[in-house]
Amino acid sequence: SYPGESYPNSVIEYLALGKPIIATRWAEIPAMVETERGSAATLIGMDAHGTADIDTLAAAMLELATDRDLRAARVAAATSRSGAFSMDECVRRYRAVLR
């Protein structure tokens, strides 16, 4: 994601694929990945330049690669959250707002 992208397509695409996510806490990303079943993502901080903190990113990648239970929980959350970003759901929400 970049500063002008508050609702990144990459997050939506990973959710649609049922993939666990590692992302920064930028804009709406935290709200996009939270579910009743937990989070579909490991959220990491950003450094003073607005980029992902490399050490935290590396630790998150290692944890996701080695912790099967965490990975399974993130996959389940991603799968359950993906429906919120389907085209039908987005159209339904747009129509509700525009009415």
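A nonpolar core is taken here as a set of buried Ala, Val, Leu, Ile, Met, Phe, Trp, Tyr and Cys residues joined through side-chain atoms within 4.5 Å, where buried means under 20% relative accessible area, exposed over 50%, and partly exposed in between (1.4 Å probe, protein chains only). The structure is a predicted model, in which local features need pLDDT of at least 70 and side-chain atom pairs count only at pLDDT 80 or more, whereas totals for chains, interfaces and linings use all residues. Residues are numbered from 1 along each chain as its sequence is written, and side-chain values use heavy atoms, with hydrogens and water left out.

The protein chain has five helices and four strands, these elements being DSSP runs numbered from the N terminus (helices, H or I, at least four residues; strands, E, at least two). Read along the sequence, they follow the pattern α-β-α-β-β-β-α-α-α. The C-alpha trace of the protein chain spans about 45 × 35 × 20 Å along its principal axes, and 29% of the 99 residues count as buried. Of the contacts in the protein chain (heavy atoms within 4.5 Å) with a separation of 6 or more, 42% are accounted for by residues 24 or more positions apart.

The largest nonpolar core comprises 14 residues, and those with the most contacts inside it are Val11, Leu15, Ile21, Val33, Ala40 and Leu43. Two or more residues of this core are given by each of helix 1 (9–16), strand 1 (21–24), helix 2 (29–33), strand 4 (41–44) and helix 4 (68–81), with the largest share, three residues, coming from helix 2. When residues up to four places away in sequence are not counted, Ala40 touches Leu15, Pro20, Ile21, Val33, Arg74, Ala77 and Ala78. In the loop between strand 1 and helix 2 lies Ala27, for which phi is near 45°, a positive value in a residue other than glycine. Ala27 is partly exposed, with a relative accessible area of 40%.

Two packed helices are described by the angle between their axes and the distance between the axes. Helix 3 and helix 4 pack at an angle of about 95°, with their axes 5 Å apart; the axes are lines fitted to C-alpha atoms, for helices over the stretch in contact, and the angles run from 0 to 180 degrees between N-to-C directions. The two helices, helix 3 and helix 4, are therefore roughly perpendicular to each other, given that angles under 35 degrees count as roughly parallel, over 145 as roughly antiparallel, 65 to 115 as roughly perpendicular and the rest as oblique. In this contact, Glu63, Leu64, Ala65 and Thr66 of helix 3 meet Arg68, Leu70, Arg71 and Arg74 of helix 4. The residues of the contact of helix 3 with helix 4 divide into three nonpolar, one polar and four charged, where Ala, Val, Leu, Ile, Met, Phe, Trp, Tyr, Cys and Pro count as nonpolar, Asp, Glu, Lys and Arg as charged, and the others, Gly among them, as polar.

Within this contact, Leu64 is placed in helix 3 (residues 54–66) and counts as buried at 11% relative accessibility. Leu64 touches Pro20, Ile22, Leu70, Arg71 and Arg74, again not counting residues up to four places away in sequence. Ala73, in helix 4, is partly exposed, with a relative accessible area of 37%. The C-alpha atoms of Ala73 and Pro20 are separated by 8.5 Å, although these residues are 53 residues apart along the chain. By contrast, the C-alpha atoms of Leu64 and Arg93, 29 residues apart along the chain, are separated by 33 Å.

Side chains of opposite charge can pair when their charged atoms come close. With a salt bridge taken as a side-chain nitrogen of Lys or Arg within 4 Å of a carboxyl oxygen of Asp or Glu, the count comes to two salt bridges. In one of them the side chains of Arg92 and Glu89 meet (2.6 Å, N to O), and both residues lie in helix 5 (residues 87–98), three residues apart, about one turn of the helix. In the other, the side chains of Glu89 and Arg93 meet (2.9 Å, N to O); because Glu89 and Arg93 are four residues apart in helix 5, they are separated by about one helical turn. Glu89, Arg92 and Arg93 are thus linked in a network of salt bridges. Within this network Glu89 is buried, with a relative accessible area of 18%, whereas Arg92 is partly exposed at 48% and Arg93 is partly exposed at 37%.
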